[in-house]
Amino acid sequence: MTLTSGRFISHEYDRMIVRFSMHDGAREVPCAISTSAMDDLERGPQVRPEQREAQFTRLRDRIEARAASKYHATEFEGTPPGIVLRGIDFRT
């Protein structure tokens, strides 16, 4: 099945991540991306905490494409299993 967009869940300042979800049919897949990875993708200064959701929205296509790649490669982490994206996941 194709992984599709889910929802923005939250910016967790203390963990320096943005949580979001994707869907595999009816199954919701928990995902997260480090805020430093998002800053690296934009190649700009670190954004303020209240700007993280807007930043995620701007980068959503690239983030979700990489999450889908890790999902299909079964690169899950954590409990419950989910997709975690870091800066290294976007380096070519």
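## Met 38 and the nonpolar core

In this predicted model, Met 38 touches Val 18, Ile 33, Arg 52, Gln 55, Phe 56, Leu 59 and Ile 63 when residues up to four places away in sequence are left out of the count. Met 38 also belongs to the largest nonpolar core, a set of 19 residues in which Phe 20, Ile 33, Met 38, Ile 63, Ile 83 and Leu 85 have the most contacts. The elements that give two or more residues to this core are the strands E2 (17-24), E3 (27-34) and E4 (83-85) together with the helices H1 (35-42) and H2, and H2 supplies the largest share, with six residues.

## The contact of H1 with H2

The axes of helices H1 and H2 come within 10 Å and cross at roughly 70°; because angles of 65 to 115 degrees count as roughly perpendicular, the two helices H1 and H2 are described in that way. On the H1 side the contact is made by Thr 35, Met 38, Asp 39, Leu 41 and Glu 42, and on the H2 side by Arg 52, Gln 55, Phe 56, Arg 58, Leu 59, Arg 62 and Ile 63. Sorted by class, this contact of H1 with H2 has five nonpolar, two polar and five charged residues.

## Arg 52, a buried charged residue

Arg 52 lies in helix H2, which spans residues 52-72, and counts as buried because its relative accessibility is 1%, where the cut-off for buried is under 20%. The side chain of Arg 52 is joined to that of Asp 39 by a polar contact of 2.8 Å. Apart from neighbours within four places in sequence, Arg 52 is in contact with His 11, Val 18, Thr 35, Met 38, Asp 39, Gln 46 and Val 47.

## Backbone features in the loops

Two residues that are not glycines have a positive phi: Met 16, at about 60°, and Thr 74, at about 50°. Met 16 is found in the loop between strand E1 (3-12) and E2 and counts as partly exposed at 32% relative accessibility, whereas Thr 74, in the loop between H2 and E4, is exposed, with a relative accessible area of 57%.

The loop between H2 and E4 also holds Pro 80, which is joined to Thr 79 by a cis peptide bond with omega of about 0°. In the loop between E2 and E3 lies Gly 25, partly exposed at 39% relative accessibility; the C-alpha atoms of Gly 25 and Thr 2 are separated by 7.7 Å, although these residues are 23 residues apart along the chain.

Methods. Residues are numbered from 1 along each chain as its sequence is written. This is a predicted model: local features need pLDDT of at least 70, side-chain atom pairs count only at pLDDT 80 or more; totals for chains, interfaces and linings use all residues. Side-chain values use heavy atoms; hydrogens and water are left out. Helices (H or I, at least four residues) and strands (E, at least two) are DSSP runs, numbered from the N terminus. Buried means under 20% relative accessible area, exposed over 50%, partly exposed in between (1.4 Å probe, protein chains only). A polar contact is a pair of N or O atoms within 3.5 Å; within protein, one must be able to donate a hydrogen and the other to accept it, and residues adjacent in sequence count only if both atoms are side-chain atoms. Contact means heavy atoms within 4.5 Å. A nonpolar core is a set of buried Ala, Val, Leu, Ile, Met, Phe, Trp, Tyr and Cys residues joined through side-chain atoms within 4.5 Å. Axes are lines fitted to C-alpha atoms, for helices over the stretch in contact, and angles run from 0 to 180 degrees between N-to-C directions. Angles under 35 degrees count as roughly parallel, over 145 as roughly antiparallel, 65 to 115 as roughly perpendicular and the rest as oblique. Ala, Val, Leu, Ile, Met, Phe, Trp, Tyr, Cys and Pro count as nonpolar, Asp, Glu, Lys and Arg as charged, and the others, Gly among them, as polar.
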